[in-house]
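Here's a walk through one model, with a stop at its cysteines, its cores and its charged pairs. Have the structure open as you read.

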Amino acid sequence: MASLHAGLSTGRLRIYTPALYDDSTPWKKEREQDRCQLLLKIQSHYKEALERLTGSDVVRRFLLSGVCVGLLDPVSNIIVNALLAATADKASAPVRPDLGDTERHSLDGLVTFLTCFFPYLADWEAVGYLLLAEADPLVAARIVVEDRGTKCFRSDSAATNGALKLALRCATVAAKHPQLADAWMSLCSSLDKAVPLLSAVQPNYHHNIFNNLHTLFKETAHVPYPPPTGSGLIGPWELAATRRTHTTKVPYQHSWSLRRVLLDAIHGFYLKALARMPGGSRYHRSMLKAGHCYGPFDPVSNIILNTIWYEANFPPLTPQREFDFVGTWSLMRIEALSFYGLLPFLCTCHQDLSMHEAMRILTSGKRGISIGCVKEEQEAFRAAAIAAWCPRLNSDAQAGFLCSCKKPEVLSLLSNGGQQQLSSQAVQQIATLLASGMTTQQQQPVSVSKQGFDDTMSEGSERRRAHKRIAKKVKDALRRYEKQNSEDNACYQLHVVCGVNESVSGPDNSEESIMKRDDPYDDYYHHTHANFLVTRNVGSVCSAPVLFFAELSNDGDDDQLLCCPVDIPPPGAEPVRCLFCEQAGIRIVHPANQEGFHGRMLEFEKMVRGEDFYDNGYYPEVYSNHRILRRSESIANWREGGAEEDCMYLGSNDFTIKEDDGDESEDYEDD
């Protein structure tokens, strides 16, 4: 996660760096005890269900199908699932069923419900939340939302509706009764009718109640699913709110998952900052180098200010090429560095804050954090710059700049037009204001060997070619989208590609796919997911850049599978899940109202079943929640990632070749 760095934390400075291990995970014995307690709670629910079904031997015989996974409280879920089984098949069933397996399957289903609904949630964390909710899945989900500070969670949003469908389907698969998911989704809009009938199911209840429930299930069996948007799935959440009568204190400090939620929010800030910057790639290098989101203003404005300041005061030695993309790994690096800058800023300002408390403040989005004096503010910004690896010689310079840039003229230029794109003239005006009283610091070329220089130039050329290839595919997809929506009379122009994951749908190591590999040692993936910002021009009117998502083919054909606009998630909103992008650790915004991309429903179901996605013979590739978390966490901790992409912005002026290695070099041109 993060730990206090003793060597850098001198005086009042409190510098946090990535921890070597996650010290918030309970010991194995404690995790096993929690799991046993949850199983005991589930067993008590089955005991209550059996008591309430006294007098209905027909339904009691189907309790083996009565897993406590569903959209109501655990006992009602058991009864509904048993009734659904009895309604579907009245053939003979065991008179005295052994519920041991059913109870364990219920536990697996409940844990899967939470881990598939929420990203970055370990199985042991899900068990802890379910214990607090007494094995009620939706109440547990509400506790997670509250504990994570997910203030933008909306029960009627397309993202929430999609997550609920995904979680319910995967939960019923884990509980060994996958057919129940469709029944619950059809029943969803009629839960208000089912709840009073279920409440009346008590020992020796009148059989008319069973008949009424039977009729309700028959009527809803062919009801279409609620649409992705709208209030069709809001009922279960409203009922869950009535079952949670008090605030629950979570005993664990889930700093690990809070950090991942914060990184998602920070990613959204960078997407907005890229959308506000003028077209062209002049400022990309500076944003990826020192465009941190900490500062005196809101995060997006801080990114823009730090970017402009660094560009003006530390200009590149080599004239920058024009790119319509930013490196995915470089962008993720500056996002991680911003996170590690925000923590020391808060903890240096307020010495009594723990790291976990600082993260809670950040996830809550609280403003107005008081700072004692100018000296304390400068110390806090210096701590942020050191932790964020702002080039060490410039940490004092950045701290001084951030303390002095709170000028009304700067804020006015940033605020003018709201969230509209800044003009080149406005950016230049801001640069002039920020440069007042500061001296441009000419960077010095780095001395390298001839081999090191050649390797760097070769890497830069290779990266530029790879990114241009993706940008071409994105532009082709955008042209097709434009034709498909020709009635809008709009022209779409690529602003910047801002996230790419080429490891979608795989790895496929079948004989046919092996033949398609560029490198025989690389795994083969069939698709790419990409985010890119686009301006929409209607006549002479140009819109602010809008975020798009595309699923592209890696198989050599020109057809994109999906291309559509997506909303930049607000801070605290749960992201739309994609198994492949999470596995790769790459933050891609996916469409909430589309299930047609790879890495969604089908792939999560296969993961829960433990299936190999492709026929990989002796080396099966089986995904799991633990594997996704472990892999993505190692990538999220990268503060040195993106070095290869940095080579795209370097040229011969950035280096001097050591005399003993020769003073001539090859000329490198892009292919």
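## Cysteines first

Let's start with Cys403, which is buried at a relative accessible area of 18%. Keep in mind that this is a predicted model. Does Cys403 have a cysteine sulfur close enough for a bond, or is the closest one too far? The closest is in Cys405, and at 8.4 Å between the sulfurs that is too far for a bond.

Cys405 is in no disulfide either, with the sulfur of Cys403 as its nearest cysteine sulfur. Cys405 is buried too, with just 1% relative accessible area. For the model as a whole, the disulfide count is zero.

## The nonpolar cores

Cys405 also turns up on the contact list of Leu305, along with Phe297, Phe401, Val410, Leu414, Ile430 and Leu434 (neighbours up to four places away in sequence are left out). Leu305 is worth a click: together with Leu434 and Phe532, it has the most contacts inside the largest nonpolar core, a set of 114 residues. Which helix gives this core its largest share? That's helix H15, residues 328-349, with twelve residues.

There's another core lying apart from that one, with 67 residues. Leu71, Val127, Val139 and Ile209 are among them. As a rule of thumb, nonpolar side chains in soluble globular proteins tend to be buried together.

## Salt bridges across the sequence

Side chains of opposite charge can pair when their charged atoms come close. In this model, the count comes to 21 salt bridges. Take Asp136 and Arg243, whose closest N and O atoms sit 2.6 Å apart. Asp136 is in the loop between helix H5 (123-132) and helix H6 (137-148), while Arg243 belongs to helix H11 (residues 235-243), so this pair ties together parts that are 107 residues apart in sequence. Asp136 is buried at 4% relative accessible area, whereas Arg243 counts as partly exposed at 25%.

Next up is Arg360 with Asp147, where the closest N and O atoms are 2.4 Å apart. This one also links distant parts of the chain: Arg360 is in helix H16 (residues 355-364) and Asp147 in helix H6, 213 residues apart. Here Arg360 is partly exposed, with a relative accessible area of 29%, and Asp147 is buried at 8%.

## A bridge within one helix, and a network

Now for a local pair. Glu482 and Arg479 meet through their side chains in a salt bridge, 3.0 Å from N to O. How many residues apart are they in helix H21? They are three residues apart in that helix (residues 450-484), so about one helical turn separates them. Arg479 is partly exposed, with 34% relative accessible area.

Elsewhere, Arg169, Asp182, Glu605 and Arg609 are joined into one network by salt bridges that share partners.

## A look at His267

Last stop: His267, in helix H12 (residues 255-276). Is His267 buried or exposed? It's buried, with a relative accessible area of 5%. Leaving out residues up to four places away in sequence, His267 touches Leu331, Glu335 and Arg587. His267 also makes a nice example of sequence distance versus distance in space: Val589 is 322 residues away along the chain, yet the two C-alpha atoms are 9.7 Å apart.

How values were computed: Residues are numbered from 1 along each chain as its sequence is written. This is a predicted model: local features need pLDDT of at least 70, side-chain atom pairs count only at pLDDT 80 or more; totals for chains, interfaces and linings use all residues. Side-chain values use heavy atoms; hydrogens and water are left out. A nonpolar core is a set of buried Ala, Val, Leu, Ile, Met, Phe, Trp, Tyr and Cys residues joined through side-chain atoms within 4.5 Å. Buried means under 20% relative accessible area, exposed over 50%, partly exposed in between (1.4 Å probe, protein chains only). Helices (H or I, at least four residues) and strands (E, at least two) are DSSP runs, numbered from the N terminus. Contact means heavy atoms within 4.5 Å. A salt bridge is a side-chain nitrogen of Lys or Arg within 4 Å of a carboxyl oxygen of Asp or Glu. A disulfide is a pair of cysteine sulfur atoms within 2.5 Å.
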